[in-house]
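Good morning, and thank you for coming. I would like to walk you through one protein chain, beginning with its overall make-up and ending with its aromatic rings.

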Amino acid sequence: MPLISLEVPAGVVRHGVESFSRGRWRDVNFVRWVGGSLRNIGGWRNREDRTNTGVTANVTLGTGQTPRGMITWKENSGIAHIVAGTYNKLWQVSEAGTLLDITPAGFTTLGVVDAVDNLGYGGYLFGKGSYGTERPASGVMEEATQWTLGNWGEYLVGCANDDGKLYEWQLDTDNTNNVADNPAAVIANAPTNNKALVVTEERFIFALAAQGNKRKIMWCDRENNTLWSPSATNQAGDIELSTGGEIMLGLSVRGKTLILTTNDAHTATYTAPPTVYGFEKVGNNCGAVSRQCAVSIDEGAFWMGLKSFFVFNGGAVQEVPCDVHDYVFGDMNVSQRTKVFAVHNGQNNELWWFYPSKDSVENNRYVIFDYQERYWNTGNLDRTAGVDSGVFTHPIYASSTGLVYDHEIGSTYADTTELPHAETGTIQLGNGDRLMDITEILPDHESLGAFQIKLKTKNYPNTAETTHGAFTLNSPTSVRVQGREVKVRLEVPSTNPYGFKLGAVRVDAKAGSKR
C-alpha cells in the first residue's frame with residue numbers, strides 16, 4: 001500500500017467536541033508554524049543585572065512584586081528604559097539591568113494583588129442584606145491592580161486603576177539605595193479617581209473613567225498636561241460616553257483613538273477647536289475583558305472580550321473567528337480575568353494573550369493568533385506583563401514572581417519543566433470503519449537534537465487510549481501499531497539549543513479488518 005502523508009494544517013483546533021479536531025493539531029505547547037512547517041517557538045533567558053564586574057544576577061522586581069503593566073522606550077539621548085508597575089510599586093530597569101524604585105509618594109498601600117469579591121460600600125444590591133451580618137458574595141469583582149503606561153514625549157506617564165491619579169516620571173535616575181530621589185509624581189491639576197489613561201497621537205492625555213464617572217473622558221490642553229479646565233483659549237475638554245458599560249482602556253489606531261468599554265467600542269477623532277474631538281460608537285457587544293487585553297498593530301486593534309476576540313481596522317468592529325474558543329473561554333478563571341494581558345510579537349506576526357485557567361489565580365496559559373497565516377495556537381506559560389521587541393532586541397516578558405525575561409532566543413526554556421510538544425486530533429482511514437496497521441514512519445524533519453514520536457490508538461471514540469513509544473525519529477522509523485483511530489504526538493525530550501523544523505510525516509499504513 002502507498003505511504004500516507006499526514007499533512008496536518010497549521011494551527012490548533014480545539015473548539016467543540018474532540019471529533020472536531022480530527023486531522024488537525026489539538027494539544028500543543030511552545031510550537032508555531034511557518035509556511036506550514038512545525039517548529040519550536042523561541043526560548044527565553046533571565047534578563048541579567050550586569051553592573052557588577054564578574055557577577056551576574058537575574059533581574060527580579062522582588063517578592064510579591066507581580067508586574068501588571070510594562071513599557072519600554074528611549075529618551076531623547078538614546079538611553080533605553082523598561083518600566084513595570086505592580087500592585088504597590090513602580091519600577092524602572094536600566095539597559096544594564098539595575099533596578100530603580102520610582103514609586104510615587106503615597107502609593108505603596110493602595111493596590112490589590114488579586115481580584116476579590118467586592119463586599120464593600122456600594123458593592124452589593126441597594127437595600128439587600130441585614131445590618132451587622134456579613135453580606136453574600138456580590139458577584140461584582142474588585143479588579144486586580146493594573147497599570148496603563150504611556151509616553152509624554154520622552155517622559156513616562158501612568159495610572160493605576162485603584163489609585164486613580166495620573167503620574168509623570170521625568171527620567172531622573174539619581175537615587176539613594178536604588179530608590180529614586182525624584183520618583184514619579186502626580187501631574188499638577190490632573191483629574192483624580194481615574195481608571196486608566198491613553199496618550200493620543202495629537203499629544204493629549206485622555207483620563208479614562210475620570211473623576212469616578214465610569215463613562216467620562218477628560219483630556220488636557222494640547223502639549224500641556226497640567227491644564228485640564230476647558231476654556232475658549234485652550235483645547236482641554238471632557239465628554240460622557242453614551243454607553244451602558246464602564247470605560248476600560250484606550251489605544252491609538254490609524255489616526256484615531258479607540259476607547260473600549262465593558263460593553264462596546266468608540267472612536268475619538270481629532271477635529272480641532274471648538275469641539276476638539278468627535279466621538280463615534282463603532283461596535284456593540286464587544287467589551288474588553290481587562291485593561292491590558294488590547295494591542296494596536298498595522299492591521300488594526302485586536303482585543304479579548306468576555307467570550308470572543310475582536311478586531312477594529314478603521315470601519316466597524318468585527319468578531320475574529322477562533323478555532324480554540326471553547327478551550328480558552330470554557331476554562332478561564334473569570335474571577336481573575338482582569339489580569340489578562342496582550343502583547344504583540346511582531347517578528348513572528350503573532351498576538352499573544354496570557355490568561356488564568358480555572359485552576360489558577362495567576363496567568364498560566366497563553367493563546368496566540370497568527371494574523372498573517374490566520375491560525376490559532378495555545379500553550380502554558382506564567383507571564384503577567386510584557387512588551388514587544390523594538391527598543392530592545394528581543395521581546396521582554398515578566399512572570400508572576402517578578403522575574404524579567406528576554407524572549408525568542410534559541411530554544412532553552414528557563415524556569416519551566418515543560419518542553420515543546422504537538423499532538424494531533426484523531427486520524428483515521430476513510431470513515432473509520434477499518435483498523436490501520438502502521439509499520440513505518442518517515443518524517444521530513446530538520447533537527448540537530450533528539451526528537452521523539454508517540455502514537456496513541458483506540459478502536460472506539462469513548463474507549464481508553466493506548467500509547468505506543470516514544471520512538472526516536474529516524475528515516476525511516478520502524479513501528480508496529482494497530483488501531484481504528486490514531487493520534488500522533490511529537491515531543492522534544494530535552495532542551496535543544498538549535499531548535500527543530502518538521503514538515504510532513506508519512507506513515508506506511510494498510511487497512512486491516514473491519515470490526
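**Confidence and overall make-up**

pLDDT stays under 50 over residues 135-139, for which this predicted model has 15 contacts beyond four places in sequence. Taken over the chain, the mean pLDDT is 88, and 89% of the residues reach 70 or more. Residues 122-128 also have a pLDDT below 50, and this stretch has eight contacts in the model beyond its near neighbours in sequence. Where pLDDT is low, the predicted coordinates should not be read in detail.

Let us turn to the composition. The chain holds one helix and 45 strands. Of its 515 residues, 53% count as buried. Among contacts with a separation of 6 or more, 57% are between residues 24 or more positions apart.

**Strands and their partners**

Strands of a sheet pair through backbone hydrogen bonds, either parallel or antiparallel. One open sheet here has four strands in the order β14-β15-β16-β19, with antiparallel pairing. Which strands stand at the edges? They are β14 (147-152) and β19 (185-186); each has a single partner strand, so one side of each is left without a neighbour in the sheet. The partner of β19 is β16 (residues 167-169), joined to β19 by two bridges. Within this pairing, E168 has A185 as its bridge partner.

A second example is a hairpin. Strand β34 (residues 365-370) pairs with β35 over six bridges, again in the antiparallel sense. D370 stands opposite Y375 of β35. Four residues lie between the two strands, and R374 takes a positive phi near 60° in this hairpin. Strand β35 (residues 375-380) is mostly covered, with five of its six residues buried.

**The nonpolar cores**

In soluble globular proteins, nonpolar side chains tend to be buried together. The largest nonpolar core in this model has 71 residues, and L258, W303, M304 and W353 touch the most other members. Strand β45 (residues 500-511) supplies the largest share of this core, namely five residues. A second, separate core has 16 residues, including W73, F107, A160 and L171.

M304 is worth a closer look. Leaving aside residues up to four places away in sequence, M304 touches a list of residues that includes G287, C293, F309, M332, W353 and V367.

**Aromatic rings and a buried threonine**

How many aromatic pairs does a search of the whole structure find? The search finds 31. A pair of aromatic rings is described by the distance of the centres and the angle of the planes. For W352 and F354, the ring centres are 5.8 Å apart and the planes meet at 25°; planes under 30 degrees apart count as stacked, so this pair is stacked. Both W352 and F354 are buried.

Ring pairs also link F204, F206, W219, Y270, Y277 and F279 into a cluster. Over the ring of Y270 sits the charged end of R222, 4.9 Å from the ring centre. In a similar way, R203 lies over the face of W152, at 4.5 Å from the ring centre.

Finally, consider T200, in the loop between β20 (196-199) and β21 (205-208). Is T200 buried or exposed? Its relative accessibility is 4%, and buried means under 20%, so T200 counts as buried. Beyond residues up to four places away in sequence, T200 touches F206, S252, T257 and Y277. Of these, F206 and Y277 belong to the ring cluster just described.

Note on methods:
Residues are numbered from 1 along each chain as its sequence is written. This is a predicted model: local features need pLDDT of at least 70, side-chain atom pairs count only at pLDDT 80 or more; totals for chains, interfaces and linings use all residues. Side-chain values use heavy atoms; hydrogens and water are left out. pLDDT is the predictor's confidence in each residue, from 0 to 100. Contact means heavy atoms within 4.5 Å. Buried means under 20% relative accessible area, exposed over 50%, partly exposed in between (1.4 Å probe, protein chains only). A nonpolar core is a set of buried Ala, Val, Leu, Ile, Met, Phe, Trp, Tyr and Cys residues joined through side-chain atoms within 4.5 Å. Two strands pair if DSSP finds at least two bridges between them. Rings of Phe, Tyr and Trp (its six-membered ring) pair if their centres lie within 6.5 Å; planes under 30 degrees apart count as stacked, over 60 as edge-to-face and the rest as tilted. A charge sits over a ring if NZ of Lys or CZ of Arg is within 6 Å of the ring centre and within 35 degrees of the ring normal.
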